[in-house]
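Here are a few warm-up exercises to work through with the viewer open. Try each task before you read its solution.

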Amino acid sequence: MNLFNIIEEIEKVDPEFNERISPRRAAIKNITSFGSKVAVAALPFALGTMFKKAYAADTAAVSVTDVLNYALTLEYLESTFYNAGTAAKGLIPAKDASYIADITDDENHHVTFLQTVITQLGGKPVTAPPFDLTAGNGKGNGPFADVLTNYKTFLAVAETFEDTGVRAYKGQAPNLVGNQVVLTAALSIHAVEARHASAVRYLRTTSGFAEVGVWINSTTGLGNDTGISLVNGNYNGEDNVMQGGVDVSKLKDDGGKPIGQIDAAAAFDEPLSMSDVLALLVGSFIVKQ
Amino acid sequence: MPGDVNMARRSFLRYTGMGVASVGLLAVASCKKNDSVLPKKNLAAGNGIDIGSGDVGILNYAFALEQLEAAFYTQVIATPWQGMSDTEKECFSTIRQHEICHREFFKVALGANGIPGLTPDFSKIDFTSRTAVLGAAKAFEDLGVQAYDGAGYLIQNPDYLTIAGKIVSVEARHAAYIRNLVNYGDYAGPDVIDANGLNNSSTIAQVLAIANTYLKTKVSASNFGYTA
């Protein structure tokens, strides 16, 4: 399956797709013809929301190689991004060269590792789709147009990729229940992405670009704490404080006070489904073919 | 044929991976095929407890580690080293709150199935030394990440697994942060990440052997091959 022609693929297998999303389809057309930065960023999220509404809950798991190929696609994006960043002259200050190089190495290793595992499992690793690191869907002039010339923008995009990567791996864990080898590997990459997320957030703050925590300090109704409203969709739901039926914000700390929204939300990172992640990326960072 | 279309549509629905049911933890904590043995006092070990078996055992394992971490950071804040900066104070206070969130969550979610409160033993840690405290914090956080990563496959219930996933990435954020405070740029290192870029993972036995050196109440996992 081609992961990236989402709507076309859906129409092939689901003739009722138009009916399901209608009359919202007209709204999508309007958004795409808009051409503004806001509209470009809003489009993927709008798609994700519609998918959720259009389909009821799914009950069966996707295959292990599907999960791994999805992970590989995300790692291609990250490795392409960091390789381009480290190759861009004058982008990364000398003081941070080895800091970023270590992340780059990890992402490159993840690509190689996933390709090897997929092959060993008898699957075929997907090839990398075309990317647009400006989020311009192939035009190269998206909302992050200076991503490879402005370090501030580069770190902003890095933060979004890492936080989203963490959510993406987490979202696939239920599809790997009980699989000692693959689940453990996926959790182990997930943890490294979370280390990266923390590291990049730290760098944004120490570089004076933003004051963000190394964890996600969501306020009620706004998962995104990065200060970059273009990526609100990537943090949608991070403000959740309900865990397994327990409202963590209402639990008491050791001083007897309710824990509250910020710490309760920050203490638990939230997953994203495969369709949500692809909807966020396809048509912006991943070129829609 | 209509049948083919339906089949294709079903596989698409499967592919979208949407809507993995999130049922209340308390609501599904029992009556599963892998029904769990309740944690019990480990009389043979005298003063110890056992985490039990099945998913409840793994959740109790996590609960034990969160109790340990929360107690550690509480001590750090109660007896700060001389000259602890405001940034460091805020860092440790917030991490303490996160660990308390995790601890209190497990306490409520496990209810009667939960292990009791553990008594820590931090006599080996010099809380007046910044180096010692940061070193211990780094060790606890890295251990926590390796513990969750290593035990994930033992969890049968997908909702519990997701909750473990929600916690472990926050522990990894803590770990990277503390490592950055110890040594800038060392958010991950060859001591915790392998040549494939994977975080190391540890078995329950490996983790508890270390954790128990900081606990007066010794924790066993007899159903997972470890007795203190």
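**Exercise 1.** Work out what percentage of chain A is buried, and how its helices and strands are arranged.

*Solution.* This is a predicted model. Start with burial: of the 289 residues in chain A, 52% are buried. Next, go through the secondary structure, where chain A has 10 helices and two strands. Reading along the sequence gives α-α-α-α-α-α-α-α-β-β-α-α. Finally, take the contacts in chain A with a separation of 6 or more: 64% of them join residues 24 or more positions apart.

**Exercise 2.** Decide whether S79(A) is buried or exposed, and list what it touches.

*Solution.* First find S79(A): it sits in helix α5 (residues 64–87) of chain A. Then count neighbours. S79(A) has 21 other C-beta atoms within 10 Å, so it is buried, given that the cut-off is 20 or more. Leaving out residues up to four places away in sequence, S79(A) touches E107(A), N108(A) and V111(A). For P125(A), 46 residues from S79(A) along the chain, the C-alpha atoms of the two are 16 Å apart.

**Exercise 3.** Find which members of the largest nonpolar core touch the most other members.

*Solution.* The core holds 147 residues, and the winners are V248(A) and A64(B). Its largest share comes from helix α2 (residues 54–78) of chain B, with 14 residues. Now zoom in on V248(A). Skipping residues up to four places away in sequence, its contacts in chain A are V241(A), Q243(A), I259(A), A264(A), A267(A) and F268(A). Across in chain B, V248(A) touches C101(B) and F105(B).

How values were computed:
Residues numbered from 1 in each chain as written. Chains lettered and ligands numbered in written order. Predicted model: local features only at pLDDT ≥ 70, side-chain atom pairs only at ≥ 80, totals over all residues. Core = buried A, V, L, I, M, F, W, Y, C linked by C-beta atoms within 7 Å. Buried ≥ 20, exposed ≤ 12 C-beta atoms within 10 Å, placed from the backbone. Helix = DSSP H or I, 4+ residues; strand = E, 2+ residues; numbered from the N terminus. Contact = placed C-beta atoms within 7 Å.
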